[in-house]
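Here are a few short exercises to work through with the model open in your viewer. Try each one yourself before reading the solution.

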Amino acid sequence: MAGPKFGSFKSESKGDSAAPAGAAAQRRDPYEVLGVGRNATEQEIKSAFRRMALKYHPDKNADDPVASEKFQEATFSYNILSDPDKRRQYDSSGFEAIEADSHELELDLSSLNTVNTMFAALFSKLGVPIKTTVSATVLEEALNGSVEISQLHLGKSVCKKVEKQTAHFYSVEITEEEAKLGLVCRVRSTSKSKFKLLYFEPEENGGLSLALQEDSAKTGKVTSAGMFFLGFPVYRFEHTNSAAAAKDPDSAFFKRLDGFQPCEVNELKEGTHYFAVYGDNFFKSATYTVEVVCAEPFTAEKEKLRSVEAKILAKRSELSKFESEYREVLAKFTEMTSRYAQEMQTIDELLNERNAIHASYTNSPTLKRSSSGSKERPSSKVSKSDDEHSTKKEKKSKSPAMGAPVSDEEGPKKEKTPKERVRRKKWFSIHHLKVDKRRPC
């Protein structure tokens, strides 16, 4: 049940987390930006940011660059203070301790035009994590009390379709006994639509302010989200960045349970409570089924949930210790592997040198000649092939052109070998053969 978050794409203003380290000194203190003390609770930080986000949101201040800068500054500050690790790093070492690429601001789809929405949808399809936030228009209408609210009865599910970047609001009445037993609100979508489950608290002016938010996640063949008010600490699990996990699988494994964080609200009081389902698809509407049930029939499930979450917490602390041991052993293994390769090469070189020394203990000239002959053999082959090549060229140059008549005046006749005379005799001496012209051949 993550708290409300607002924001936009990464910008290049001074409030951007990707700004250079030299600009860190020009940034204002996040506590000062949000107007809270250093000991402020998580809920106080969320409330302060919510007020600033509604006041300076681009939807309400389209032509005001000052408001846009204040909104980006507030968003950047909230991204630091809302994350326990980043807040601890900032408190100890300031902005320099925070990695430039670790701040992923959220996107309000309702403030984008069609082209930007298409790009965001494309990146999401390619596996790039695109975080979204609730439209400022929806939050403002809820704060002003101008939203339509439907009543939702305990134990009865409702199936509806919500348009993108809009919300359906529901009210649930619970008694004191039901509040003690616990309450669970779950939303699921068989069409795998993206949505957000929201919980609102009533304000003095009759409006509603966002208190809790849970994004849908794929679980099997459906997408679902849930809020559990069971009277004991319950945890939510925020999934890590898949792109970062692909770059460093080891770090992703050891940080896998870092997203296992406690929920802000664990129990509800008797009275009326307000939930909403927000359509979070890029283009199409979201089909969903919402249901609020009392936890009384689920006593065994409550104990199992408490037990398994306690085991997950224990495993998270074990992973922290195991990581240091793993890194140490991995470094030692890498060192040993490198040494193994070096030792193998050294041994081969020594053995080859030893064999060469053994072979030098001989007075046999045959071995020496064979060894020297083997070295000179390629050159003799080359010379022989060159001689053959030159001989062929000489023969070609001496032979007359094909079809040209051989004249006696061209030069002194060379004495022909018996072999050549026999060949010419066999070839040309055919005039002594008599053929009977009267008989057909």
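**Exercise 1.** At the start of H3, which residue has a side-chain oxygen that reaches to the backbone nitrogen of Val66?

Solution. This is a predicted model, so keep that in mind throughout. Go to the start of H3 and pick the backbone nitrogen of Val66: a side-chain oxygen of Asp64 comes within 3.1 Å of that atom.

**Exercise 2.** Check the length of helix H3 (residues 65-81) against what its residue count predicts.

Solution. Start with the count, 17 residues. The rule is 1.5 Å times one less than that number, so the span should be 24 Å. Now take the end C-alpha atoms: they sit 24 Å apart, which agrees.

**Exercise 3.** Work out how much of H3 is buried, and what covers it.

Solution. Use under 20% relative accessible area as the cut-off for buried. Twelve of the 17 residues pass, so H3 is mostly covered. Among them are Phe71, Phe76, Tyr78 and Leu81. The cover includes helices H1 (30-34), H2 (42-56) and H4 (84-93).

**Exercise 4.** Lay out the five-stranded sheet and find its edges.

Solution. The sheet is open, with mixed pairing and the order E1-E3-E11-E5-E6. E1 (149-151) and E6 (208-215) each have a single partner strand, so one side of each lacks a neighbour in the sheet. Neighbouring strands are turned by 30 degrees against each other on average, ignoring direction. Zoom in on E3 (residues 167-174) and E11 (residues 271-279): they pair antiparallel over eight bridges, and Tyr170 has Phe275 in E11 as its bridge partner. Finally, helix H6 (residues 136-144) lies across E3, E5 (195-202), E6 and E11, at about 140 degrees to E6.

Conventions:
Residues are numbered from 1 along each chain as its sequence is written. This is a predicted model: local features need pLDDT of at least 70, side-chain atom pairs count only at pLDDT 80 or more; totals for chains, interfaces and linings use all residues. Side-chain values use heavy atoms; hydrogens and water are left out. Two strands pair if DSSP finds at least two bridges between them. Helices (H or I, at least four residues) and strands (E, at least two) are DSSP runs, numbered from the N terminus. Axes are lines fitted to C-alpha atoms, for helices over the stretch in contact, and angles run from 0 to 180 degrees between N-to-C directions. Contact means heavy atoms within 4.5 Å. Buried means under 20% relative accessible area, exposed over 50%, partly exposed in between (1.4 Å probe, protein chains only). A polar contact is a pair of N or O atoms within 3.5 Å; within protein, one must be able to donate a hydrogen and the other to accept it, and residues adjacent in sequence count only if both atoms are side-chain atoms.
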